[in-house]
Amino acid sequence: PLSFGASWSSRDFAVTAREELERGHAYSIDVEYGAFAPGLHLIAEASFGDVDPFTTTSFRGAHGWLAWRSDSPGRTVSAIEPIVRVSWADIDGESATPGGLLLTPGINVYFGPLNRLMINYDVWRGADDSIDAESLKIMLQAAF
């Protein structure tokens, strides 16, 4: 199954200790192919909008997530799912964070429909010579 989505957010931004408000907006479009079932699953999104309408600081970004979930390989493990996520963001205007690129390869091991062990390795490359970082994350999701 293929599905498309779009969203819009509008909210007031305030300057501290002042009554002045400025309306800011954000927009997003996305596409999804597949489902949380055995087989291919893809989610892609693009977004842009206001970070701070008082300084006309804005953002734009893109995000992609790709996974392939197996059928049950045995009695204990119900599925194995290698994944990769790529996220990119850029900030235009006054901001302490210029944006950058995040790459996350990983694997999910399912023990039933809701319980899983997630192992991800994040690689962050900051834009404009900002800080680069890497991290290993091992997470457990347990439903009971």
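Hi everyone. By class, the lining of the largest pocket is made up of four nonpolar, three polar and four charged residues. I start there because that mix is a handy way into the structure, which is a predicted model.

So which residues line the largest pocket? The residues are W65, I83, R85, T104, N108, R116, M118, N120, D122, K137 and M139. The volume of this pocket comes to about 190 Å³. Two or more lining residues come from each of β5 (79-92), β6 (99-110), β7 and β8. Strand β7 gives the largest share, with four residues. As a reminder of how such spaces are found, rolling a probe the size of a water molecule over the atoms shows where empty space is left.

Let's step back to the fold. Eight strands make an open sheet, with antiparallel pairing and the order β1-β2-β3-β4-β5-β6-β7-β8. At its edges are β1 (2-14) and β8 (133-141), each of which pairs on one side only. From one strand to the next, the twist averages 15 degrees.

Now to the β7 end of the pocket. Strand β7 covers residues 116-126 and pairs with β8 in the antiparallel sense, over nine bridges. Two of the residue pairs are worth finding on your screens. R116 has Q141 in β8 as its bridge partner, and L117 has L140 in β8 as its bridge partner. The two strands form a hairpin with six residues between them. If you look in the turn, you will find D128, with a positive phi of about 55 degrees.

Keep R116 in view for a moment, since R116 is also one of the residues lining the pocket. What about L117, which is in strand β7 as well: is L117 buried, partly exposed or exposed? L117 is partly exposed, because its relative accessible area of 29% falls between the cut-offs of 20% and 50%. For a sense of distance, take L117 together with L42: the two are 75 residues apart in sequence, and 20 Å separates them in space, C-alpha to C-alpha.

Further along, D122 also lies in strand β7. D122 is buried, because its relative accessible area is 11%, and the cut-off for buried is under 20%. Which side chain does the side chain of D122 contact? The partner is the side chain of K137, in a polar contact of 2.6 Å. Both D122 and K137 are among the residues lining the largest pocket. A general point to keep in mind as you follow a strand along: in a regular strand the side chains alternate between the two faces of the sheet.

Let me finish with the strands around β5. On one side, strand β4 (residues 57-69) runs antiparallel to β5, and ten bridges join them. On the other pairing, β5 and β6 are antiparallel too, with twelve bridges. In that pairing, the bridge partner of A79 is Y110 in β6.

Back at β4 and β5, H63 stands opposite S87 in β5. Is S87 buried or exposed? S87 is buried, because its relative accessible area of 17% is under the 20% cut-off. The side chains of S87 and H63 make a polar contact of 2.6 Å. H63 and S87 therefore face each other across the strands and also touch through their side chains, as the cut-off of 3.5 Å for a polar contact allows.

That's my tour. Thanks for listening, and I'm happy to go back to any of these residues.

Terms used. Residues are numbered from 1 along each chain as its sequence is written. This is a predicted model: local features need pLDDT of at least 70, side-chain atom pairs count only at pLDDT 80 or more; totals for chains, interfaces and linings use all residues. Side-chain values use heavy atoms; hydrogens and water are left out. Two strands pair if DSSP finds at least two bridges between them. Axes are lines fitted to C-alpha atoms, for helices over the stretch in contact, and angles run from 0 to 180 degrees between N-to-C directions. On a 1 Å grid over the protein atoms alone, a cavity is a set of points where a 1.4 Å probe fits but cannot get out, and a pocket is an open set with protein on both sides within 12 Å along at least five of seven lines; lining residues have an atom within 4 Å of a point. Grid points are joined across faces, edges and corners, and a volume is the space filled by probe spheres set on the points. Ala, Val, Leu, Ile, Met, Phe, Trp, Tyr, Cys and Pro count as nonpolar, Asp, Glu, Lys and Arg as charged, and the others, Gly among them, as polar. Buried means under 20% relative accessible area, exposed over 50%, partly exposed in between (1.4 Å probe, protein chains only). A polar contact is a pair of N or O atoms within 3.5 Å; within protein, one must be able to donate a hydrogen and the other to accept it, and residues adjacent in sequence count only if both atoms are side-chain atoms.
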